[in-house]
Amino acid sequence: MRPQIIDRSRDQEFMQLALELAAQGAAMGEVPVGAVLVQHGQVIGQGFNRPITDSDPSAHAEMVAIRAAAQAASNYRLPGSTLYVTLEPCSMCAGLIVHSRIARVVYGALEPKAGIVQSQGQFFTQGFLNHRVMFEGGVLAEACGQILSDFFKARRAKC
């Protein structure tokens with residue numbers, strides 16, 4: 001197997017786009033998480049959390065972005081792609097990432113309660129998986145964490 005060459009030069013740029021999407025979700029009353037899927041340097045899918053808006057518990061930002069990318073590519077597999085997400089993925093999204101054959105996940109803030117990449121487990125390193133996903137956390141972590149903190153602070157102030 002050939003080692004894959006990783007281009008990190010645009011990580012912050014794509015994470016900034018994910019942050020902008022997260023802000024769109026926040027404006028709709030959704031928990032502000034944004035995701036961008038990139039293949040060959042081009043955005044092929046994007047989304048933000050929509051479970052309330054869509055009455056769909058699976059409408060996490062990652063799920064929305066991956067569904068859009070798969071539709072655009074007319075393929076349920078997205079090899080060689082990188083998913084940028086503002087918050088460490090949960091178990092549902094991590095499973096989808098593996099099944100989609102996404103090559104790399106870049107996330108911003110840790111999710112200490114439900115994050116499965118690093119916080120509550122190391123899902124992508126499990127030996128039973130038939131696909132290996134590279135991952136990197138902490139890209140624009142402060143900004144990614146701040147948008148969540150501000151959202152929940154404002155929500156608590158309304159109570």
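**Close-up views of a predicted model**

**View 1. An open sheet of 5 strands, with mixed pairing.** In this predicted model, the strand order is 2-1-3-4-5. Strand 2 (42–48) and strand 5 (134–137) stand at the edges. Each has a single partner strand, so one side of each is left without a neighbour in the sheet. Neighbouring strands are turned by 15° against each other on average, direction ignored.

**View 2. Strand 1 paired with strand 2.** Strand 1 covers residues 34–39. Its pairing with strand 2 is antiparallel and runs over 6 bridges. Ala35 stands opposite Gly47 of strand 2.

**View 3. Helix 1 and helix 3 against the sheet.** Helix 1 (residues 11–27) lies across strand 1, strand 2, strand 3 (81–87), strand 4 (104–109) and strand 5. Helix 1 runs at about 140° to strand 1. Helix 3 (residues 61–73) lies across strand 1, strand 2 and strand 3. The angle between helix 3 and strand 2 is about 140°.

**View 4. The largest nonpolar core, with 39 residues.** Leu83, Ile97, Ile102, Val105, Phe123 and Phe124 touch the most other members. At least two residues each come from helix 1, strand 1, helix 3, strand 3, helix 4 (91–99), strand 4 and helix 5 (141–158). Helix 1 gives the most, with 6 residues.

**View 5. Ile102 and the residues it touches.** Ile102 is one of the core residues that touch the most other members. Leaving aside residues up to four places away in sequence, Ile102 touches Leu37, Ile66, Leu78, Ser81, Thr82, Leu83, Ile97, His131 and Val133.

Methods:
Residues are numbered from 1 along each chain as its sequence is written. This is a predicted model: local features need pLDDT of at least 70, side-chain atom pairs count only at pLDDT 80 or more; totals for chains, interfaces and linings use all residues. Side-chain values use heavy atoms; hydrogens and water are left out. Two strands pair if DSSP finds at least two bridges between them. Helices (H or I, at least four residues) and strands (E, at least two) are DSSP runs, numbered from the N terminus. Axes are lines fitted to C-alpha atoms, for helices over the stretch in contact, and angles run from 0 to 180 degrees between N-to-C directions. Contact means heavy atoms within 4.5 Å. A nonpolar core is a set of buried Ala, Val, Leu, Ile, Met, Phe, Trp, Tyr and Cys residues joined through side-chain atoms within 4.5 Å. Buried means under 20% relative accessible area, exposed over 50%, partly exposed in between (1.4 Å probe, protein chains only).
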